[in-house]
Every structure is written in C-alpha cells, then in structure tokens.
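I wished to look up the enclosed and open spaces of this model. My entries follow.

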Amino acid sequence: MKIPKIKDLILFENDDLFVVNKPAFISSLDEREGGELSILRLAKQYVVDAQVCHRLDKETSGCLIIAKNPEAYRSVSMQFERRKVKKVYHAVVNGTHVFQDLKVDLPILNLGNKNVSISKQDGKPAETIFNSIKYFRHYTLIKCQPVTGRMHQIRIHLATQRASIAGDDMYGGKPVFLSEIKRGYHLGKDQEELPIMKRFALHAKELTFHIDPDTEITVSAPYPKDFATLLKQLERFDS
C-alpha cells in the first residue's frame, strides 16, 4: 500500500485544525500492537501537536477532524460529546430498502476486542437515522446520520434492519461480485473473482461543526475510487 501524504488528504484547514479524507485500511490512531501506519502518525509529521478528535473504523473512509493544538482538540471533542457535530455517512447495503427518516434507537454494548452487540439491558444509548438515497435491483445507497457515536454503530444498526452493509462479513454483509450483477459475465479459466470493493461499503461523507463560537462549517469528502467504482458498476449493471 502506498503511504499517502497528509497534505494530499486535506479537505479543510485553518490555524487550529484540519479535516482529512481518510483512506480505507489506515487506522485513525496507533493500534496497540504498534508498528502500523496511522493517520495520527502522518498528522504528527505535518503538525507536531496534532491530535485526532474522533475515530473512524480502519476500513471506513472519509471525513476525520485533526486538531493542531490542545484548545482546538478540547473544543471539537466537547462538540462530539455534546452531540453537536452533525455526521453524514453513505453506505451501500445488501437488498432493496425504503428508509424514510427511519430512526433506529437500540443500545450498544461494547464487548471489548472490537466486538459489540445490541443489549437493551446493559448497552449504552445509540441512535441512527437512515434515509434511502438511490435504489438498485439488489442494493441500496443509504444516507446514515448517527446521533450518538458508538463503536460499529451504523454497521450493527443497519444489520438489525436486515440491511447489512455490502462486504461487512462481521454483520452479515455480502461482498458485491461483478458476475452477480452483469449478465453474460465470464471468468477466465483458473481465475478467481475478487469483489468489486475489497472492504465494507461505508464512507464518512460529511461533517458539520463549529470552528469557533460564531462559525459553523460543513466539510464534505468525495468518494474514494473503490466506492465510486462500486456505485458506477451498480448504476451500469444493477439499475
């Protein structure tokens, strides 16, 4: 994997913070085992005091806010804590689903070791709003707006609606293969078919937050190549 330059990922920047379009397969923070590339490490090469203000799953791409100083870190962290940050994700899910302001309000229990479950007894409150954006024959593009910020929240909440994210095998999602949507698709002899997207189809599309008490901004992250390719193939062969 080619190591990206943090400058090439920046979507917005001022004296206090910057927002990057995080590539998939790079952790937001250093992982316990160490030795692996992370956005935090790349950010610290750019600004020594850089701190990542929130997390995205390793496979999730999109908007990530990085503070340049402790005051900015505190300000953004407090906005997340008080649920003042508006978050919009886009996901491609298995099946056709008509969601119109569907509110999923199911508590999530963190089981440790990157595992979570729905638990009405022991879970912490978790709420997500879902809207269908585009319908295909076998898939749907969904707008996801998490009100809270629990681990794997969007992924597990969609799974409870039998709308698992494509490629998310942890929550029952099946990857998208071209042979399944393109008529007359033939694989060469002894060739193994790879999915169109080698990760689950979730992208942090937009963040709206305050950069100072009087100024609110919205930062939007374009789709990375793999997500854009998946949508293009679905439009072409699964519409």
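I began with cavities, and I found one of 30 Å³ or more. I took a cavity to be a set of points on a 1 Å grid over the protein atoms alone where a 1.4 Å probe fits but cannot get out, and a pocket to be an open set with protein on both sides within 12 Å along at least five of seven lines; lining residues have an atom within 4 Å of a point. Grid points are joined across faces, edges and corners, and a volume is the space filled by probe spheres set on the points.

I note that this is a predicted model, in which local features need pLDDT of at least 70 and side-chain atom pairs count only at pLDDT 80 or more, while totals for chains, interfaces and linings use all residues. Residues are numbered from 1 along each chain as its sequence is written, and side-chain values use heavy atoms, with hydrogens and water left out.

The largest cavity holds about 40 Å³. I listed its lining as A166, G167, P175, V176, M197, R199, A201 and L230.

I turned next to the largest pocket, which holds about 1,700 Å³. Its lining has 47 residues, and R55, L56, D57, R150 and M151 are the closest to its centre. I recorded α3 (70–81), β5 (86–94), β7 (108–112) and α4 (153–160) as the elements that give two or more residues to this lining; helices (H or I, at least four residues) and strands (E, at least two) are DSSP runs, numbered from the N terminus.

Last, I entered the second largest pocket at about 190 Å³. Eleven residues line this pocket, with P23, A24, P224, K225 and D226 nearest its centre. Here β2 (17–22) and α6 (225–237) each give two or more residues.
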